[in-house]
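This report describes the interior of a single protein model. The sequence and the structure are shown first, and the description follows.

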Amino acid sequence: MTTNSQNPGRGRAFEKRVGQYLRMQGYDVNPDYEVEVSINGRLKKSHKFDWGSDTLLVECKAYSWTKVGNNPSGKVATANEAMLYFIAAPGPFKKMLFMPRTEKVGKRRPETLVEYYVRSYRHFIPDGVEIYELDESDLSATRVWPPQTN
């Protein structure tokens, strides 16, 4: 997991909360779940996903808006990197990205950081990847991508 360089402990704590949430939902997951990844199928390298099982791969990004509410472009880049690892993972894994629920920021378009990421970078999100906001106060989560249909 890529953690906030200002507070790496925050990232690890968020990762633990995601694991608690997943177990509450009935997933039997293990931390630092290692999988051989490859884009071309020939050259492979081991990658540790934050959580995983034989059927599930999970990445966690403990990100928030910058102090002045600007786009945290460096953080967004590592979320895009997580999408690349999801593409490179073998087989029919279910794939999930978790980020913390944030305040809605923006004068013209108030949105959470996850809403901003999905709106701005949905062209990088592979088919089958689900993106969630985790409310750390009560360990509830909302799926932001793909959109819920009624």
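Helix α2 (73-88) contributes three residues to the lining of the largest cavity, the most of any element. Helix α3 (113-121) also supplies at least two residues of that lining. The model is a predicted one, and the values below are computed from it. The count of cavities of 30 Å³ or more comes to one, and the space in the largest cavity is about 30 Å³. Its lining consists of Tyr-63, Pro-72, Lys-75, Val-76, Ala-79, Met-99, Leu-113 and Tyr-117. By class, seven of these residues are nonpolar, none is polar and one is charged.

Tyr-117 belongs to the cavity lining and is also among the residues with the most contacts inside the largest nonpolar core, together with Leu-57, Met-83 and Ile-131. That core has 27 residues. Strands β1 (30-37), β4 and β5 (129-135) and helices α2 and α3 each supply at least two residues of this core. A second core, separate from it, has 15 residues, including Leu-22, Leu-56, Val-58 and Leu-139. Leaving aside residues up to four places away in sequence, Tyr-117 touches Val-76, Ala-79, Asn-80, Met-83, Arg-122, Ile-125 and Ile-131. Two of these partners, Val-76 and Ala-79, are named in the cavity lining as well.

Strand β3 has residues in both cores: Leu-57 lies in the largest one, whereas Leu-56 and Val-58 lie in the second. In a regular strand, side chains alternate between the two faces of the sheet. In β3, Leu-56, Val-58 and Cys-60 are on one side and Leu-57 and Glu-59 on the other, and all are buried. Because five of the five residues of β3 (residues 56-60) are buried, the strand is largely enclosed by the rest of the structure. Buried here means under 20% relative accessible area.

The pairing of β3 with two other strands is set out below.

| Strand paired with β3 | Sense | Bridges | Residues facing each other |
|---|---|---|---|
| β2 (residues 45-52) | antiparallel | two bridges | Gly-52 and Leu-57 |
| β4 (residues 94-100) | parallel | five bridges | Phe-98 and Cys-60 |

Strands β2 and β3 form a hairpin, with three residues between them. Gly-52 stands opposite Leu-57, one of the residues with the most contacts inside the largest core. On the β4 side, Phe-98 is the bridge partner of Cys-60, which is on the side of β3 that also carries Leu-56 and Val-58.

How values were computed: Residues are numbered from 1 along each chain as its sequence is written. This is a predicted model: local features need pLDDT of at least 70, side-chain atom pairs count only at pLDDT 80 or more; totals for chains, interfaces and linings use all residues. Side-chain values use heavy atoms; hydrogens and water are left out. Buried means under 20% relative accessible area, exposed over 50%, partly exposed in between (1.4 Å probe, protein chains only). Helices (H or I, at least four residues) and strands (E, at least two) are DSSP runs, numbered from the N terminus. Two strands pair if DSSP finds at least two bridges between them. On a 1 Å grid over the protein atoms alone, a cavity is a set of points where a 1.4 Å probe fits but cannot get out, and a pocket is an open set with protein on both sides within 12 Å along at least five of seven lines; lining residues have an atom within 4 Å of a point. Grid points are joined across faces, edges and corners, and a volume is the space filled by probe spheres set on the points. Ala, Val, Leu, Ile, Met, Phe, Trp, Tyr, Cys and Pro count as nonpolar, Asp, Glu, Lys and Arg as charged, and the others, Gly among them, as polar. A nonpolar core is a set of buried Ala, Val, Leu, Ile, Met, Phe, Trp, Tyr and Cys residues joined through side-chain atoms within 4.5 Å. Contact means heavy atoms within 4.5 Å.
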